[in-house]
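Student: I am new to this structure and would be grateful for a close look at a single part of it. Please choose one residue, describe its surroundings, and then work outwards from there to the rest of the chain.

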Amino acid sequence: MAGVSPGTVDRVLHNRGKVSPENLEKISRILEDHSYHANIHKSALSLRKSFRILLFIPRYTAGSYWDGQIRGFEMGIREYSDIDIVADKLTYDQYDVHSFIETSSQALSMKPDGIILGPTFRRETIDFCHKLEKEKIPYVFVDTIIPETSPVARYAPDQRRSGLLLSNILDLICEKDKSLLIVNPKRLGSESFNTIEREEAIREAYSAHGIADRLKMLDLSMQDSDFAIILRDYLNDNPDVGIIAVPNSRANEIAACLDSDHVGRLKIGGYDLTDGNRECLMNESISFILDQKPEQQAFQALKALLSYLIFGRVHESLENEIKIEVIFRENCINPLKNT
């Protein structure tokens, strides 16, 4: 169709070798007109090359949000089992910036062909990504989109919009004169970029509606043995609080701190359909959860990274927003009932 040799088309498809600007434009236009998508499986087999892929995310427990990322990553490895993939995993303490710095140094020393990165700390992630770029190691973001970086693709929800969604739903299901309390677990080091985005969105929304005085903030160290007492004392001293927004996946831990009186009068919303959050939805100690679909994020991230390693580009867009699902008790699937 382009009037060129198969070798010229091959060089364009796999981004290797020299092609004249005229032929590149002609071939690219035909590929776009016919919605051409290269076959990752067949192309990888023809290259006969092994790819070392590193999944670099926070530490996780079974049934947690990051465990969902692991499941999506492993599902992708099975999907592309005909490709020679060496799959590695590294985890860090998401509440300790020093852990991230140490583990990122280890990641660089492993010299992977590509990294799927679940970042937490903004400044330290930017430094790490600049080192990856210097070493020409491509990376894909999941969960978070960090500015001042150059990933080959990003798979994450819009955190600012999700913060607005969290506060809007809580405001709808609670009495109008009640205050909203944001409970934010403290970290050692800079604050989570996701948390910052969500909290700023809530603040802006309350300011825009002229009710900024109804917004309260409580920082808690989840490693502190008496954090439950601190939370209960705060609620007793602030009876106007009727809504609790938990801008991370630990809503169930906040709910577990409350006595029956608090649970009865408070509406709690948070993130991620972890096992603990699912249980709290079923017993109604949490009102709703925003599910960020971690399995889908990791699966798509692996696909994008393989596409880049094989073809020299990602065939989908750079920005890939994951649509959030709102989970209430009524649409929450309880796995205990299915076993």
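Tutor: Asp272 is found in the loop that runs between strand 9 (267-271) and helix 12. The model in which we examine it is a predicted one. Is this residue buried or exposed? The relative accessibility of Asp272 is 4%, and a residue counts as buried under 20%, so Asp272 is buried. Leaving aside residues up to four places away in sequence, Asp272 touches Tyr65, Ser249, Asn277, Ile289, Leu290, Asp291 and Gln292. Of these neighbours, Asn277 falls within helix 12 (275-282), while Ile289, Leu290 and Asp291 fall within strand 10 (288-291). A further relation concerns Ile327, which stands 55 residues from Asp272 along the chain; the C-alpha atoms of the two are 9.2 Å apart.

From here one may follow the chain through the loops on either side of strand 10. The loop between helix 12 and strand 10 holds Glu284. The phi angle of Glu284 is positive, near 70°, although this residue is not a glycine. With a relative accessible area of 57%, Glu284 is exposed, since the limit for that class is over 50%. The loop between strand 10 and helix 13 holds Lys293. Lys293 likewise is not a glycine and has a positive phi, here of about 50°. Its relative accessibility is 25%, and Lys293 therefore counts as partly exposed.

Two of the names met so far lead to the packing of helices. Tyr65, a neighbour of Asp272, belongs to helix 4 (residues 65-79), and the loop of Lys293 leads to helix 13. Helix 13 covers residues 294-311, and its axis comes within 7 Å of the axis of helix 4, crossing at roughly 40°. Angles from 65 to 115 degrees count as roughly perpendicular and those under 35 as roughly parallel; the angle here belongs to neither class, so helix 4 and helix 13 are oblique to each other. Their crossing is right-handed. On the side of helix 4, the contact is formed by Tyr65, Gly68, Gln69, Arg71, Gly72, Phe73, Met75, Gly76, Ile77 and Glu79; on the side of helix 13, by Pro294, Glu295, Gln297, Ala298, Phe299 and Leu302. Sorted by class, the residues of this contact are eight nonpolar, five polar and three charged. Tyr65 thus takes part in the contact of helix 4 with helix 13 and also touches Asp272.

Another pair of helices offers a contrast. Helix 1 (residues 6-13) packs against helix 2 (residues 21-33) at an angle of about 75°, and the axes are 10 Å apart. That angle lies between 65 and 115 degrees, so helix 1 and helix 2 are roughly perpendicular to each other. Thr8, Val9, Val12 and Leu13 of helix 1 meet Asn23, Leu24, Ile27, Ser28 and Leu31 of helix 2. This contact has six nonpolar and three polar residues, and no charged ones.

Aromatic rings form a further set of relations: the whole structure has nine aromatic pairs. In one of them, Phe56 and Phe100, the ring centres are 5.6 Å apart and the planes are at 10°, so the rings are stacked. Because Phe56 is in strand 1 (residues 51-58) and Phe100 in helix 5 (residues 97-109), this pair joins parts 44 residues apart in sequence. Phe56 and Phe100 are both buried. Phe100 also pairs with Phe128; here the centres are 6.2 Å apart and the planes at 85°, so the arrangement is edge-to-face. Phe128 belongs to helix 6 (residues 122-134), and 28 residues separate it from Phe100. Phe128 has a relative accessible area of 2% and is therefore buried. Ring pairs join Phe56, Tyr92, Phe100, Phe121 and Phe128 into a cluster.

Helix 6 also contains Glu124, which is buried because its relative accessible area is 10%. Its C-alpha atom is 7.8 Å from that of Val97, 27 residues away along the chain.

These details belong to a chain of 13 helices and twelve strands. It has 339 residues, of which 51% count as buried. Among contacts with a separation of 6 or more, 70% are between residues 24 or more positions apart.

Key: Residues numbered from 1 in each chain as written. Predicted model: local features only at pLDDT ≥ 70, side-chain atom pairs only at ≥ 80, totals over all residues. Heavy atoms only, no water. Axes fitted to C-alpha atoms, helices over the stretch in contact; angles between N-to-C directions. Helix = DSSP H or I, 4+ residues; strand = E, 2+ residues; numbered from the N terminus. Parallel < 35°, antiparallel > 145°, perpendicular 65-115°, else oblique. Left-handed = near helix turned anticlockwise from the far one by under 90°. Contact = heavy atoms within 4.5 Å. Nonpolar A, V, L, I, M, F, W, Y, C, P; charged D, E, K, R; others polar. Phe/Tyr/Trp six-rings, centres within 6.5 Å; stacked < 30°, edge-to-face > 60°. Buried < 20%, exposed > 50% of the residue type's maximum accessible area, 1.4 Å probe, protein only.
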